[in-house]
Amino acid sequence: MHRILALANQKGGVGKTTTAVNLSVFLASSGHRTLLVDIDPQANATSSLGVDKLRLERTVYDALAGDLSIHHCLLREVRPGLDLLPSNGMLAGAEVELVSAARREFRLRSALEPIADEYAVIVIDCPPSLGLLTVNALAAAREVIIPIQCEYLALEGLVQLVNTIDLIKRRLNPPLDVFGVLMTMFDARTRLAVQVVEEVRRFFPRRMFRTIIPRTVRLAEAPSYGKAIFEYDPSSRAARAYAELGTEVVERLNLPTTAGAVAAGSD
Ligand SMILES: Nc1ncnc2c1ncn2[C@@H]1O[C@H](COP(=O)(O)OP(=O)(O)O)[C@@H](O)[C@H]1O
Ligand SMILES: [Mg+2]
């Protein structure tokens with residue numbers, strides 16, 4: 001059975017895209033067929049994988065509008081075992097256009113249905129807002145990962161995010177749950193970062209991932225080369241941290257670790 005994880009936080013710059021991209025590449029390379037859905041009009045996940053968003057003929061927009069079957073919108077094998085439902089600026093209009101559409105909150109869920117079983121995991125990278133695109137992601141997902149930057153005011157907006165998740169769970173998608181809270185951009189030299197982690201741990205005592213992502217310039221550089229951190233600097237601290245997170249996600253999802261990896265290596 002496939003699992004659908006959404007990376008959500010209405011704050012921008014907290015590490016949603018970085019995590020979506022590196023987690024997807026990790027899962028795929030560990031033998032779990034993965035689909036990354038970019039549902040942000042900024043299309044940062046799309047370009048982070050080296051895909052030129054200006055040259056895309058079909059995107060997640062066409063799948064949401066329902067004009068085209070999702071089979072025609074996917075980019076297959078952007079990495080071994082990883083497909084991408086890409087985005088571009090076209091999607092900016094969707095937020096407004098979809099307002100009057102039928103079942104407007106379920107457009108993504110319906111679009112994904114015909115292909116979902118091809119994958120072990122589907123990862124959705126949300127835009128920095130709680131608008132209709134994020135609602136579509138949360139109505140399609142089973143699990144939410146909330147990345148939080150280890151900075152001043154980290155908790156700001158979190159109550160609103162949790163309330164939105166609860167509302168969507170009650171009204172649209174009962175199985176939805178906060179799967180994990182990920183602390184990102186941690187700088188061990190500052191006392192503030194340590195305090196923020198403690199504060200967030202009090203807020204989400206059971207949900208926080210053991211893995212904490214360090215602040216490192218390597219993670220900011222990799223997307224400009226169209227590379228995941230494992231490709232750009234595989235021996236870096238950042239690559240180790242994202243591999244550790246990936247392992248934790250595989251454990252929490254109870255994915256069949258060895259079987260997948262053997263299958264990936266055997267063909
Ligand atoms: N751990 C990190 N250390 C340093 N820079 C990071 C880290 N994670 C992300 N970045 C950079 O910070 C910016 C915002 O991250 P991003 O993942 O795009 O956030 P979001 O998708 O939540 O807006 C990007 O330029 C990204 O490359
Ligand atoms: Mg982003």
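These legends describe close-up views of salt bridges and strand pairing in a predicted model.

**View 1. A salt bridge joins E118 and R76**. The closest N and O atoms of the pair are 2.7 Å apart. E118 sits in the loop between α5 (107-112) and β5 (121-125). R76 belongs to strand β3 (residues 75-79). The two residues are 42 residues apart, and the pair links distant parts of the chain. E118 has 33% relative accessibility; because buried means under 20% and exposed over 50%, E118 counts as partly exposed. R76 is also partly exposed, with a relative accessible area of 39%.

**View 2. R33, R76, E77, D83 and E118 form a network of salt bridges**. The E118 and R76 pair of the previous view belongs to this network. The structure as a whole holds 15 salt bridges.

**View 3. E151 and R215 meet through their side chains in a salt bridge**. The N to O distance is 2.9 Å. E151 lies in the loop between β6 (143-149) and α7 (158-171). R215 lies in the loop between β8 (208-214) and α9 (217-221). The pair therefore ties together parts that are 64 residues apart in sequence. E151 is partly exposed, with a relative accessible area of 29%. R215 is partly exposed too, at 36%.

**View 4. E248 and R252 form a salt bridge within helix α11 (residues 237-253)**. Their closest N and O atoms are 3.8 Å apart. Side chains of opposite charge can pair when their charged atoms come close. E248 and R252 are four residues apart, about one turn of the helix. Is E248 buried or exposed? E248 has 3% relative accessibility, so it counts as buried. R252 has 30% and counts as partly exposed.

**View 5. Strand β6 pairs with β1 and with β7**. Three bridges join β6 to strand β1 (residues 3-7), and these two strands run parallel. Across this pairing, L5 stands opposite E143 of β6. Seven bridges join β6 to strand β7 (residues 177-186), again in parallel. Here I146 has V181 in β7 as its bridge partner. Why is β6 described as largely enclosed by the rest of the structure? Six of its seven residues are buried.

**View 6. A right-handed β-α-β unit is made by β6, α7 and β7**. Its two strands, β6 and β7, are the parallel pair joined by seven bridges. The loop between β6 and α7 carries E151, the salt-bridge partner of R215.

Technical notes: Residues are numbered from 1 along each chain as its sequence is written. Chains are lettered from A and ligands numbered from 1 in the order in which they are written. This is a predicted model: local features need pLDDT of at least 70, side-chain atom pairs count only at pLDDT 80 or more; totals for chains, interfaces and linings use all residues. Side-chain values use heavy atoms; hydrogens and water are left out. A salt bridge is a side-chain nitrogen of Lys or Arg within 4 Å of a carboxyl oxygen of Asp or Glu. Buried means under 20% relative accessible area, exposed over 50%, partly exposed in between (1.4 Å probe, protein chains only). Two strands pair if DSSP finds at least two bridges between them. A crossover is right-handed if, with the strands pointing away from the viewer, the path from the first strand over the helix to the second runs clockwise.
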